[in-house]
Amino acid sequence: MSQHHVIVIGGGIAGASAAFALARRGAAVTVVDSALKGQATAASAGIISPWASTAEGPAYELYAAGAAYYPRVIELLAQAGVERTDYRRTGALLVSADPDRLTEAQARVEARARTAGGIVGDIQRVDNAEVRALVPVLAPDLEGVYRSAGRSRT
């Protein structure tokens, strides 16, 4: 593919991913982006937590596969000389004032964690005091939360 020059329009996660994949295959790539302020990619707002999602079927499978692939992307970027990605696994909180909804969410996350190969991290129920210690601005009437924390930071 080295004889090809490809122009990718948009430097968000999709455009950057496409450009990186093309460059790894030998294409000369130019990324054109408007660089407007407030975009999620620039704000590092990519929240990857499919295990807590209520999505099922092919949508969930694609979402989970993407999340599972992130560590490999970090390796590939390092091999390409990218030293700083700002990627880190920080975990996720699921909050509700309804204990039954939390019980359902915990069961879903635990079932999905068993097939996720360790990327999900530890899952535990935390009470209202722990919720408020983690995120003080949350409503004071929350009865509980599940916290799925990544086991390491990258």
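Where in the chain is the place of isoleucine 7? In this predicted model, isoleucine 7 sits in strand β1, and that strand makes a good starting point for a walk through the fold.

The chain as a whole can be sketched first. It contains four helices and five strands, which follow one another along the sequence in the pattern β-α-β-α-β-α-β-α-β. Of its 154 residues, 25% count as buried. The accessible surface comes to about 10100 Å², and carbon and sulfur atoms account for 55% of that area. Contacts also reach across the sequence: among those between residues at least 6 apart, 55% join residues at least 24 apart.

Strand β1 covers residues 5–9 and includes isoleucine 9. Isoleucine 7 belongs to this strand as well. Isoleucine 7 has a relative accessibility of 56%, so it counts as exposed, the cut-off being over 50%. Isoleucine 9 is likewise exposed, at 73% relative accessibility. Together with Val32, these two isoleucines make a nonpolar surface patch of about 330 Å². Once residues up to four places away in sequence are set aside, isoleucine 7 touches Thr30 and Val32. Strand β2 spans residues 28–32, and the C-alpha atom of isoleucine 7 lies 5.8 Å from that of valine 29, although 22 residues separate the pair along the chain.

Helix α1 comes next, at residues 13–24. Its twelve residues reach 16 Å from the first C-alpha to the last, close to the 16 Å expected at 1.5 Å a residue. Alanine 18 is part of this helix and is partly exposed, with a relative accessibility of 32%. The C-alpha atoms of alanine 18 and valine 8 are 7.6 Å apart, with their positions ten residues apart in the numbering. Just after α1, glycine 26 adopts a positive phi of about 100°.

The loop between β2 and α2 holds serine 53. Is serine 53 buried or exposed? Its relative accessible area is 17%, and since buried means under 20%, serine 53 counts as buried. Which residues is serine 53 in contact with, beyond its neighbours within four places in sequence? The partners are Tyr63, Arg108 and Arg112. Tyr63 falls within helix α2, which runs over residues 57–79, while Arg108 and Arg112 fall within helix α3, residues 99–113.

Helix α2 deserves a closer look. It has 23 residues and reaches 34 Å from its first C-alpha to its last, close to the 33 Å expected at 1.5 Å a residue. The helix nevertheless bends by about 40° at tyrosine 70, and proline 71 follows within four residues. Its buried residues are Tyr60, Ala64, Ala67, Ile74, Leu76 and Leu77, and these pack against α1 and α3. Glycine 81 follows α2, and its phi is positive, near 95°.

Helix α2 also carries a charged pair. A search of the whole structure finds one salt bridge, and the side chains of arginine 72 and glutamate 75 meet in a salt bridge at 3.2 Å, N to O. Why can such a pairing form? Side chains of opposite charge can pair when their charged atoms come close. Arginine 72 and glutamate 75 both lie in α2, three residues apart, about one turn of the helix. An α-helix has 3.6 residues a turn, so residues three or four places apart point the same way. Both partners retain some accessibility: arginine 72 is partly exposed at 34%, and glutamate 75 is partly exposed at 43%.

Further along, helix α3 includes threonine 103. This threonine is partly exposed, with a relative accessible area of 43%. Threonine 103 and arginine 125 are 22 residues apart in sequence, and their C-alpha atoms are 9.0 Å apart in space.

Technical notes. Residues are numbered from 1 along each chain as its sequence is written. This is a predicted model: local features need pLDDT of at least 70, side-chain atom pairs count only at pLDDT 80 or more; totals for chains, interfaces and linings use all residues. Side-chain values use heavy atoms; hydrogens and water are left out. Patches are made of residues with over 30% relative accessible area and no salt bridge: like charges are joined within 9 Å, nonpolar side chains (Val, Leu, Ile, Met, Phe, Trp, Tyr) within 5 Å. Accessible areas come from the Shrake-Rupley method with a 1.4 Å probe; for residues, only the protein chains shown count as cover. A salt bridge is a side-chain nitrogen of Lys or Arg within 4 Å of a carboxyl oxygen of Asp or Glu. Helices (H or I, at least four residues) and strands (E, at least two) are DSSP runs, numbered from the N terminus. Buried means under 20% relative accessible area, exposed over 50%, partly exposed in between (1.4 Å probe, protein chains only). The expected span of a helix is 1.5 Å times one less than its number of residues. The bend at a residue is the angle between axes fitted to the seven residues ending there and the seven starting there. Contact means heavy atoms within 4.5 Å.
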